[in-house]
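Dear colleague,

I am handing over the structure below, and since you have not worked with it before, I have set out what was found in it underneath.

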Amino acid sequence: DSDKVFVWNTETFRTEQVLENKGWGQVTCLAWAYAESPAREAITVLCVGSVVGSLSIFIMDSRSVKPFAERGTMTQLFTPNDTVENVAFDKINGRLVASSHSGAVKMYHIEAAAGLVRFIWEAPSNRPGIPTSVIFYGARSQNLLSFGLEDGVARCQDAANGDILWSNELASGIGSVALLSDQTAVIVNNLNNSNFDVYQPPDMSPVQSLAIGDSTTTLRYFIKQCKFIEGSKLSICGSHTNKVYIFDVANNYVLQTLTSSDKGWFIPSP
């Protein structure tokens, strides 16, 4: 909730750097992006979305003591009163998509070496639900999936121009979404019962429900995150208790439950 991003070393478990900008107000989302420099060197970029509708880009510098250059470049994607809800990067085509609190979706091409984004298209905010998740979809990332927080609608757009290809209403409002690496399944946080539901794209037919719903009604509407373990059909799901669940999605059972020693922990993101 602060105007800071903490960069941690996963081997030493220490903070390597703190990126901050008082203009952010609040950091709402993060995404990695990758590109090549004119000298064909690999460039890694950290994208930071904010509550004031801006996107900041920080270029990783492996030759420096700190991971990132101290000053990033900031672009105003949406109006200052329209929060950046989600950003996603298309590794194949070098594109970055962003969704806003008002329901707008904008596509950019990322110029990583310069720390800039170039506008491609915009889909206006004509949907009733906040697009809480946006995901590139298809063998060549030719499509874009977005999921509505309140209306529970999954929408597929042409990533080249934003044209709507199809839409399907799911069983509930959608808190978060993860796409299996082979793109044969998506898992969503069901905000009606707090479970995680599995659907099969592109028709979004329901497959199963992973039941870890919280009994306390007031907790059902807090968003929980889920992720597929890369290259497998195992998913990691957060909870409103002090537990993280590892599911075997193919066989619909809890493979393992990780429990924090602190019973008061709220673990929305695994």
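I begin with Asn143, which has a relative accessible area of 15% and therefore counts as buried, the cut-off for that class being under 20%. Please keep in mind throughout that this is a predicted model. Asn143 belongs to strand β12, which covers residues 143-148. Measuring from C-alpha to C-alpha in the model, Asn143 and Ser239 are 31 Å apart in space, while 96 residues separate the two in sequence.

On the surface, a nonpolar patch is formed by Phe6, Trp8 and Val18, which together have about 310 Å² of accessible area. Of these, Phe6 sits in strand β1, made up of residues 4-9. Phe6 counts as partly exposed because its relative accessibility is 45%, a value that falls between the limits of 20% for buried and 50% for exposed.

The last feature is the second largest pocket, whose volume is about 270 Å³. Its lining consists of Ser37, Glu41, Ala42, Ile43, Thr44, Ile59, Met60, Asp61, Ser62, Arg63 and Ala69. Sorted by class, the residues that line the second largest pocket are 5 nonpolar, 3 polar and 3 charged. Strand β4, which spans residues 42-50, contributes the largest share of this lining, with 3 residues.

With best wishes

Definitions and conventions. Residues numbered from 1 in each chain as written. Predicted model: local features only at pLDDT ≥ 70, side-chain atom pairs only at ≥ 80, totals over all residues. Heavy atoms only, no water. Patch = residues over 30% accessible without salt bridge, like charges linked within 9 Å, V, L, I, M, F, W, Y side chains within 5 Å. Areas by Shrake-Rupley, 256 points an atom, 1.4 Å probe, with all protein chains shown as cover. Salt bridge = Lys/Arg side-chain N within 4 Å of Asp/Glu carboxyl O. Helix = DSSP H or I, 4+ residues; strand = E, 2+ residues; numbered from the N terminus. Buried < 20%, exposed > 50% of the residue type's maximum accessible area, 1.4 Å probe, protein only. 1 Å grid on protein atoms, 1.4 Å probe; cavity = no way out; pocket = protein on both sides within 12 Å on 5 of 7 lines; lining within 4 Å. Points joined across faces, edges and corners; volume = space filled by probe spheres on them. Nonpolar A, V, L, I, M, F, W, Y, C, P; charged D, E, K, R; others polar.
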